[in-house]
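Good morning, and thank you for joining. Please look at the structure on the screen while I go through selected local features.

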Amino acid sequence: MSTEAVAELNACFGIRERVTFKQTEGGLIVAEVGNAQATARIALQGAQVLDWTPAGGQPVIWVSPGAIYTAGKSVRGGVPVCWPWFGPHATEAESPAHGFARTQCWEMVQAQQLSDGSTTLSLRLLQDANTRLLWPHDAELLLLVNVGRRLQIDLLTRNTGDEAFTVTQALHTYFAVSDVREVSVQGLEDLPYIDKVDDGARRVQSGPVTFSAETDRIYLDQGGECVIHDPGLQRRIVIRREGSRSTVVWNPWMEKSVAMADMGEGAYRGMLCVEATNAAEDAVVVEPGGEHRLQVSYRLASL
Ligand code: TA6
C-alpha cells in the first residue's frame, strides 16, 4: 500500500492520540491503538491483532522474533483469523491451511473511541474472485477489536447468499508466557479432546494442561472459561468465549519449531496458543441471511 493510502486511512479513520495507521516492515499496514487502558497493534492484512499490552503490564499477545512481515503471509503470532476452514482444507490439499482470511487485506469500517475509555476498530473482509474460487459462497466477514483493560475480539460471519454454508474457524491466539514448561491451562479438566499429535486419538483431560512436548489438541467443551496460569510472569490470563464449544491448545515444541522458518531458535518456550474455535464436530452452519458470532475476551488477573 502506498504512502497516500496510509494518509487516507489516517484521514478517514485516525483518531488523534488514539488510532494511527503506519506502514511497517514488509509493507504491512498496521493500526496503532493507544488509550489510558492499553496499547495494541492490528495489521490490515488478516485483521490480525499483533499486540495487546494493558497499561502498566507486559505484552499478553506474542509475536515470533523470527516473524516474516510480507504481503500474503500470515505473521507468526498475534491472533490469526482462521476462516472459513480450520486446519487443512477437507478435500483440497492445495488450498491454504486455515483458510484465506488471514492472508487477505481487510478494509477498515470504523474506529471508535468509547465513553468507557476503550477503543474499537471494525474491519471487513469481502469475497472476491480469488476467494470464491477457494470457497464459492456469498459471505461477509467482520472483525471487531475492542482494546481496553481487556481485549475483546468478535468475528462475525454473515451469510449474504441464498444457500446455507458451513464454516470451521478459529481466533488462533498466541499468548506470551514466561516459559511454556512452567505454565498450565486450567478450566479444561475432564473434557474430551482430540490429540492431533497422536493421530487424532480421543482422550479425556486429567487435571490442568501442562507442557513437556509438542501439544496439539482440540478440546470439545461447553464454552466455559479457561485460564493460563503463569507463575514466571506472576499472572493469569483469563480467557472467555461466546459462540464456541471447542478450544485448541498448541505448542509446536522444539523439533517442529526448528522446521518453521518464522519461529526463531527456542522461541517456542515463550509462547502458547489457546484458541477459541469452531473446530471438529463444533462446525457452524450459517443459514441464508443468518450470522454467527465467535467472541473472545482476555483479561489479566493476579495469581
Ligand atoms: O491450531 C494448531 C494448528 O492447527 C497446528 O496444527 C499448527 O498447524 C498450527 O495450527 C499453525 O498452523 P500455521 O498454518 O499457522 O503454521
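I begin with Ala47, which is buried at a relative accessible area of 1%; here buried means under 20% relative accessible area, exposed over 50%, and partly exposed in between, with a 1.4 Å probe and protein chains only. Ala47 sits in the loop between strand E3 (38-43) and strand E4 (48-54); helices (H or I, at least four residues) and strands (E, at least two) are DSSP runs, numbered from the N terminus. Its phi is near 45°, a positive value in a residue other than glycine.

A word on the basis of these values. This is a predicted model, in which local features need pLDDT of at least 70 and side-chain atom pairs count only at pLDDT 80 or more, while totals for chains, interfaces and linings use all residues. Residues are numbered from 1 along each chain as its sequence is written, and side-chain values use heavy atoms, with hydrogens and water left out.

Glu17 also has a positive phi, of about 60°, although it is not a glycine. Glu17 lies in the loop between helix H1 (3-13) and strand E1 (19-23), and with 62% relative accessibility it counts as exposed. A further backbone feature is the cis peptide bond between Trp83 and Pro84, with omega at about 5°. Pro84 belongs to the loop between strand E5 (81-82) and strand E6 (107-113).

Next, the cysteines. How many disulfides does the model contain? The count is zero, where a disulfide is a pair of cysteine sulfur atoms within 2.5 Å. Cys12 is in no disulfide, and the nearest cysteine sulfur, that of Cys105, is 14 Å away. Why is Cys82 without a bond to Cys273? The closest cysteine sulfur to that of Cys82 is in Cys273, and 9.1 Å is too far for a bond. Cys82 is buried, at 0% relative accessible area.

I turn to the interior. The largest nonpolar core has 84 residues, and Phe21, Trp106 and Leu272 have the most contacts inside it; such a core is a set of buried Ala, Val, Leu, Ile, Met, Phe, Trp, Tyr and Cys residues joined through side-chain atoms within 4.5 Å. A second, separate core of six residues includes Leu28, Leu50, Ala67 and Val75.

Arg241 is in strand E18 (residues 235-242) and is buried, with a relative accessible area of 6%. Which side chains does Arg241 join through polar contacts? One polar contact of 3.0 Å links it to Ser244, and another of 3.0 Å links Arg241 to Thr247. A polar contact is a pair of N or O atoms within 3.5 Å; within protein, one must be able to donate a hydrogen and the other to accept it, and residues adjacent in sequence count only if both atoms are side-chain atoms.

Finally, the ligand. Among the residues surrounding it, each with a heavy atom within 4 Å, are Arg76, Phe86, Lys196 and Trp250. Polar side-chain atoms lie 3.0 Å from a ligand oxygen atom in the case of His98, 2.9 Å in the case of His172 and 2.8 Å in the case of Glu275. The protein covers 77% of the 390 Å² of accessible area that the ligand has on its own; these areas come from the Shrake-Rupley method with a 1.4 Å probe, and for residues only the protein chains shown count as cover.
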